[in-house]
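Thanks for coming. I will take a few minutes on the annotated spans, one helix and the internal cavities.

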Amino acid sequence: MLASYRAELLKLRKRSAVWVLFGAGLVLSLVFGYVLPYLGYVTGDGNQQTDGIPRAEVLRGVLPEHVLDNTLGGFPVFAGALALVLGAVVIGSEYTWGTLKTILTQRPGRGALLAGQLLGLCTAIAVWVLGIFVACSLCSLGIAVGEGAEMNWPGPLDLLQGLAGGWLVLSVWCLAGAALAIAFRNVALPIGLGVVWILGIEALLAGLVSSLLPGLEFLSDALPGANAGSLIYAVTGMSATDAPPGVRDAVGGDRALLTLLGYGLVFVAVAAFTTRRRDVT
């Protein structure tokens, strides 16, 4: 398994698709977390997006005290969709390229190979989360220095808890993409189904339940997106009025954590069962 893990890390480091997805997630975080809010602060009363909001509050949202909010705010939806694409591309391409048969002839068992691939993906997600956090921290620091504002950083435990929560959210979506890729043995269909689910279907279901079928709220609260948003809401402590799309207090933080861990185990189990039982061709 360790040999498969090292090989997977090498492949991930050299694949351009991994870096493109990482760059897309980084750009989205910086644009929506810092560039647009800071432009709203600079333009002041001439910007409709900040109409009625005190300029001091707009500035406060991009200072170091809110670095976790800006780092993790897009994880449940937009970065989550990119993580799902990462899992589908990395695992599914082994089937579309026909390289999985070649790998298995080199003697790693199917279980060891899959474990190495999934561990490699989770490691890449950890690097992704840390990279976005560092970039957001530098933006917060630069704005604070440029505006002469106070720099009140979150405590070490808050940072650790927040980054761990963000890693779990992206890892679960990445495992979902990997499980779909193994189930369908290609790349395009898992990406299509997964992205449509994250960006469309789950949001529509949540809106339908809240407006027309409140008795089924327990069902929508059990979905992965709702729990991903609830976990981010819990670890950042952001207010409901400032929360980005997908971040809400649908369930408590502890329940969201356990639910996401459960989903992660289910995705791993599905991937392992399918890999062991089905032909690779």
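Residues 191-213 are 91% helix and 0% strand, and their end C-alpha atoms lie 29 Å apart. Keep in mind that this is a predicted model. The span 191-213 is one of those that an unreviewed UniProt entry annotates as "transmembrane region". Residues 75-97 are another from that record. There the chain is 96% helix and 0% strand, with 30 Å between the end C-alpha atoms.

The same annotation covers residues 256-275, so let me turn to helix H12, residues 253-277. At 1.5 Å a residue, its 25 residues should span 36 Å, and the end C-alpha atoms are indeed 36 Å apart, so the two agree.

Which residues of H12 are buried? They are Ala256, Leu260, Gly264, Phe267, Ala271, Thr274 and Thr275. On spacing in general, an α-helix has 3.6 residues a turn, so residues three or four places apart point the same way. The buried residues of H12 pack against helix H7 (110-147), helix H8 (156-184) and helix H11 (224-236).

Now the cavities. There are 2 of 30 Å³ or more, and the largest has a volume of about 80 Å³. Thr275 is in the lining of the largest cavity, and the lining also includes Glu94, Tyr95, Arg110, Gln117 and Ile182. Which helix gives the most to this lining? That is H7, with 4 residues. Helix H5 (75-96), helix H6 (99-104) and H7 each supply at least two. By type, the lining residues are 7 nonpolar, 2 polar and 2 charged.

That is all from me.

Definitions and conventions
Residues numbered from 1 in each chain as written. Predicted model: local features only at pLDDT ≥ 70, side-chain atom pairs only at ≥ 80, totals over all residues. Heavy atoms only, no water. UniProt positions renumbered as here; feature names shortened; annotations may be inferred. Expected span 1.5 Å × (residues − 1). Buried < 20%, exposed > 50% of the residue type's maximum accessible area, 1.4 Å probe, protein only. Contact = heavy atoms within 4.5 Å. 1 Å grid on protein atoms, 1.4 Å probe; cavity = no way out; pocket = protein on both sides within 12 Å on 5 of 7 lines; lining within 4 Å. Points joined across faces, edges and corners; volume = space filled by probe spheres on them. Nonpolar A, V, L, I, M, F, W, Y, C, P; charged D, E, K, R; others polar.
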